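Let's take a friendly tour of a protein structure, one topic at a time. Have a look at the model below, then read on.

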Amino acid sequence: MTGMDAIHQILNGGLQGYLVVALLLFFLGLATVLLRRTLLLQFMGVELMLNAANVVLLAFARFRGGDAQAMVFYLFIIAVAACEAAIGLALIIGLYRHRDTTDSDRAASLKQ
Amino acid sequence: MFITFALITLLGALGMLLQKNVVVAGLCMVAAFFGVAGLFVLLANPVAAALQIIVYTGAIMVLVLFVIMMLSSHQEEEAAVSHPVQRWLSVALLAVLAFGAVNLVLASPGVKALAVKGAEMPQAMTLQTVGTNLFADHLLGFEVAGLVLLAAMIGAVALTKRNL
């Protein structure tokens with residue numbers, strides 16, 4: 001595939017376009033987790049990565065002729081993401097109670 | 001249409017990465033989730049788009065914004081120790097990984113074949129199809145997901161309650 005052809009595919013929303021958007025979304029989420037220190041922002045980065053996985057899943061499902069199995073897995077991923085949100089935020093609140101901070105660098109040791 | 005929603009998604013995510021104020025970063029995240037919902041509509045999947053808006057922007061982000069405001073941690077705290085080398089290394093590594101992965105996707109013959117084969121639009125996903133599939137073939141998984149949600153709920157209450 002030549003370069004112009006690839007760009008055309010991406011801009012018109014072919015399968016490659018969705019995959020590239022999902023990849024960039026994943027790497028932006030990963031960058032948020034690595035570069036920001038606030039636990040709440042890192043948590044949002046994890047959510048972003050989960051969303052990128054969902055985009056890839058549903059993009060492949062659509063290009064395989066509307067596979068309904070993907071929707072089932074999408075539902076399970078959403079359920080796990082919701083659990084992760086509840087537990088993660090509870091842990092952040094617990095950390096804030098003990099250390100008075102939401103900065104992950106300041107929570108580097110297990111001992112108080 | 002595709003490029004509009006893709007731009008909303010990516011700019012929202014970029015805004016979240018760069019924004020200093022945590023609340024504004026959360027709102028950028030909401031924009032990114034709406035963009036993803038738009039992408040799901042373009043993928044002939046209105047059910048997933050509705051779920052995306054209800055669960056992510058409606059439930060998860062509201063929960064996160066509540067916690068941000070409850071802890072009043074609107075600004076990022078000053079760094080205790082700065083790690084400039086590690087930060088630049090991670091940026092460089094991410095850039096290399098992203099470039100490699102995008103190249104891999106664009107060069108893959110399998111992806112290209114699938115894109116050509118599935119080019120015509122399939123029937124839009126209906127709630128009925130999803131429900132039939134979920135309850136006919138994945139009933140056990142559905143029950144387990146319910147159990148996991150219950151466990152998470154109890155765990156969250158146990159973790160946040162001061163004296164149980």
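Start where the two chains meet: across the interface of chain B and chain A, the rule finds zero salt bridges. Keep in mind as you read that this is a predicted model.

**Where chain B touches chain A**

- On the chain B side, seven helices each supply two or more residues: α1 (2–18), α2 (22–42), α3 (46–71), α4 (84–107), α5 (109–117), α6 (127–137) and α7 (139–160) of chain B.
- The top contributor to this side is α3(B), which gives 14 residues.
- Sorted by character, the residues on this side of chain B come out as 59 nonpolar, 15 polar and nine charged.

**How much the chains share**

- In total, 83 residues of chain B are in contact with 73 residues of chain A.
- Together the two chains bury about 7100 Å² between them, and 76% of that area is on carbon and sulfur atoms.
- Polar contacts do occur here: the rule finds 11 residue pairs across the interface, with both residues at pLDDT 80 or more.

**Salt bridges**

- Over all chains, the count comes to two salt bridges.
- One salt bridge joins the side chains of D103(A) and R37(A), at 3.2 Å from N to O.
- D103(A) sits in the segment after α4 (69–99) of chain A, while R37(A) sits in the loop between α2 (15–35) and α3 (39–63) of chain A, so this pair ties together parts that are 66 residues apart in sequence.

**A cavity inside**

- How many cavities of 30 Å³ or more does a search of the whole structure find? The search finds one.
- The largest cavity holds about 50 Å³ of space.
- Both chains help to line the largest cavity: chain A brings L58(A), A61(A), R62(A), G66(A) and D67(A), and chain B brings L43(B), A44(B), N45(B), P122(B), Q123(B) and M125(B).
- That lining divides into six nonpolar, three polar and two charged residues.

Conventions: Residues numbered from 1 in each chain as written. Chains lettered and ligands numbered in written order. Predicted model: local features only at pLDDT ≥ 70, side-chain atom pairs only at ≥ 80, totals over all residues. Heavy atoms only, no water. Contact = heavy atoms within 4.5 Å. Buried area = accessible area lost by both parts, 1.4 Å probe. Salt bridge = Lys/Arg side-chain N within 4 Å of Asp/Glu carboxyl O. Polar contact = N/O pair within 3.5 Å; in protein donor to acceptor, adjacent residues only side chain to side chain. Helix = DSSP H or I, 4+ residues; strand = E, 2+ residues; numbered from the N terminus. Nonpolar A, V, L, I, M, F, W, Y, C, P; charged D, E, K, R; others polar. 1 Å grid on protein atoms, 1.4 Å probe; cavity = no way out; pocket = protein on both sides within 12 Å on 5 of 7 lines; lining within 4 Å. Points joined across faces, edges and corners; volume = space filled by probe spheres on them.
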